[in-house]
Amino acid sequence: LAQILQNLASLQLEKKKVKETSLKEIFPHTYAMPIVTCVTQKNAAPVQRKPLRVGVVFSGGQASGGHNVIAGLFDALTSLCSKSRLFGFLEGPGGILKNETKEITKELLTSYRNQGGFDLIGSGRTKIETKEQLAASIETMKHLSLDGLVIIGGDDSNTNAAILAEYFLAHGLSTKVIGVPKTIDGDLQNEFIDISFGFDTACKVYNEMIGNIAQDALSAKKYYHFIKLMGRSASHIALECALTTHPNITLIGEEIAAKNKTLLSIGEEIADSIQARTAQGKNYGVVLIPEGLIEFIPEMKLLIQELNRLLADIKNISLTQRSEIEKKLSTASVQCFRSLPEKIQTQLLLDRDPHGNVQVSQIETEKLLIDTVQMILKKRNFSGKFHALQHFFGYEGRCSLPSNFDAKYCYALGHVAALLIEGGFTGYMSTLSPLTKPIEEWEPKGIPLTSMIILEERKGIMKPVIKKALVDLSKKPFVSFMKNRKKWEIEDCYVNPGPIQFFGEKEITDIIPISLM
């Protein structure tokens with residue numbers, strides 16, 4: 001046993017060495033850079049600063065507060081030097097490749113401050129990764145004579161920022177690249193990033209709708225509401241909403257993976273809860289489901305991984321191709337695939353996303369769970385009432401007016417991005433912490449993007465990506481949820497927080513995410 005453990009330790013050490021060597025080879029100019037801390041210089045003599053020309057782009061899905069990042073960036077640049085200019089790339093990274101921009105002016109920004117959405121310049125999901133795309137990016141930077149480029153996006157977009165920063169340096173381009181942490185999913189967080197912007201607003205929007213549905217369930221007393229929430233790779237939104245609204249059941253993908261729960265065992269547990277509530281005369285309830293749940297269920301995860309490899313370059317699967325694909329799956333995955341309703345099978349075979357992965361938002365996991373529970377209750381000869389409704393809360397949370405927390409956080413992130421560019425830094429992410437303290441105590445920092453990057457398989461190839469943060473089952477948010485969920489399961493402890501509040505008592509208007517607290 002000692003020898004086996006020693007061999008495993010040696011293997012892990014070798015893997016770490018390989019990873020570090022590989023990343024250093026991929027990012028020779030930006031690997032192992034130091035953290036940058038912004039400090040206030042007291043009684044410093046005025047400095048004559050040169051005007052800066054900076055580009056900004058929204059990358060990926062929308063998140064409330066994006067306009068305030070641009071507002072903060074503009075205000076900081078023009079306060080450093082009134083002649084500085086800001087250019088917004090239209091419709092996402094594709095605008096960089098096409099050199100399509102809109103100049104951001106004070107007048108233009110007036111109607112966008114503290115507003116939701118990304119409609120000032122639009123967004124897109126184009127990945128800049130081929131040699132031709134990287135070369136086109138350099139030409140755009142040169143054409144506009146940009147001193148800096150700010151990329152507002154999630155983990156993939158900020159990985160792209162790291163790649164661009166490295167490529168620009170390797171080709172002698174002086175344009176600085178700074179990333180800003182954006183994603184409502186909350187999976188862009190680590191020891192340096194407390195939370196990504198947009199998460200707080202999205203959860204508050206979902207909490208209002210969940211609270212309304214819980215109130216309806218308690219009033220009508222005849223429906224079980226299965227609610228799927230955004231959160232493809234992590235269950236942060238589901239956990240935050242559970243801590244706020246106290247639904248009867250909340251599935252946390254990371255717990256299901258840790259306990260190797262099968263689809264059938266999950267259905268059995270929900271069926272147990274339904275029977276327990278029926279015994280108390282309750283034929284209603286609320287169930288929260290993270291969007292990416294299906295990828296945490298062991299047998300489904302294996303099936304999806306195999307399908308992703310097989311279908312990376314195939315579109316529009318026909319019935320004849322489906323039988324051919326089944327022949328290439330492992331025995332376990334074939335059994336899993338055939339056990340699923342035909343509609344779910346079809347959804348699993350839909351076109352892949354830009355990263356070659358199944359589009360989980362199109363898979364009706366909530367319907368799959370309802371069907372599974374109905375089958376189990378039928379086998380148990382359940383004589384009670386089980387009427388289920390399905391919901392998916394997704395896009396509703398992406399473009400709301402930003403909460404006061406997100407509005408201030410985003411404005412400050414824009415300022416930090418400007419300071420990093422003015423300071424001559426590239427390949428960094430704009431951050432502030434600790435966000436649990438008053439805004440006056442937030443510390444602005446620049447975190448090297450490469451410090452967050454790992455190597456991960458994408459379309460069968462190992463690629464550099466910023467590691468997604470999953471729900472930590474040992475941390476206080478999940479532990480608190482664990483302590484309360486049995487009570488919430490049977491009793492009706494629903495909380496309806498109502499809509500986002502912008503004016504009034506700060507204890508209400510400026511509240512931060514419970515899981516962050």
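## Exercises on the fold and one helix pair

In this predicted model, 77% of the contacts in the protein between residues at least 6 apart in sequence join residues at least 24 apart. Keep that in mind as you work through the exercises below.

**Exercise 1. Work out whether the radius of gyration of the protein agrees with that of a compact globule.**

Solution. Start with the chain length, which is 517 residues. A compact globule with that many residues would have a radius of gyration near 24 Å. The protein has 24 Å, so the two agree. For the outer dimensions, look along the principal axes: the C-alpha trace spans about 80 × 60 × 50 Å. Next, turn to burial: 53% of the 517 residues count as buried. Finally, list the secondary structure, where you will find 18 helices and 15 strands.

**Exercise 2. Describe how helix 7 and helix 8 pack, and decide which orientation class the pair belongs to.**

Solution. First locate the partners: helix 7 covers residues 199-220 and helix 8 covers residues 236-245. Their axes lie 9 Å apart, at an angle of about 50°. Roughly parallel would need an angle under 35 degrees, and roughly perpendicular 65 to 115. Helix 7 and helix 8 are therefore oblique to each other. Their crossing is right-handed.

**Exercise 3. Find which residues of helix 7 and helix 8 meet, and sort them by character.**

Solution. On the helix 7 side, pick out F199, C203, Y206, N207, I210 and G211. On the helix 8 side, their partners are H236, I237, E240, C241, T244 and T245. Now sort the residues of this contact: six are nonpolar, five polar and one charged.

Notes: Residues are numbered from 1 along each chain as its sequence is written. This is a predicted model: local features need pLDDT of at least 70, side-chain atom pairs count only at pLDDT 80 or more; totals for chains, interfaces and linings use all residues. Side-chain values use heavy atoms; hydrogens and water are left out. Axes are lines fitted to C-alpha atoms, for helices over the stretch in contact, and angles run from 0 to 180 degrees between N-to-C directions. Helices (H or I, at least four residues) and strands (E, at least two) are DSSP runs, numbered from the N terminus. Angles under 35 degrees count as roughly parallel, over 145 as roughly antiparallel, 65 to 115 as roughly perpendicular and the rest as oblique. A crossing is left-handed if the near helix is turned anticlockwise from the far one by less than a right angle, and right-handed if clockwise. Contact means heavy atoms within 4.5 Å. Ala, Val, Leu, Ile, Met, Phe, Trp, Tyr, Cys and Pro count as nonpolar, Asp, Glu, Lys and Arg as charged, and the others, Gly among them, as polar. The radius of gyration is taken over C-alpha atoms; the globule rule is 2.2 Å times the number of residues to the power 0.38. Buried means under 20% relative accessible area, exposed over 50%, partly exposed in between (1.4 Å probe, protein chains only).
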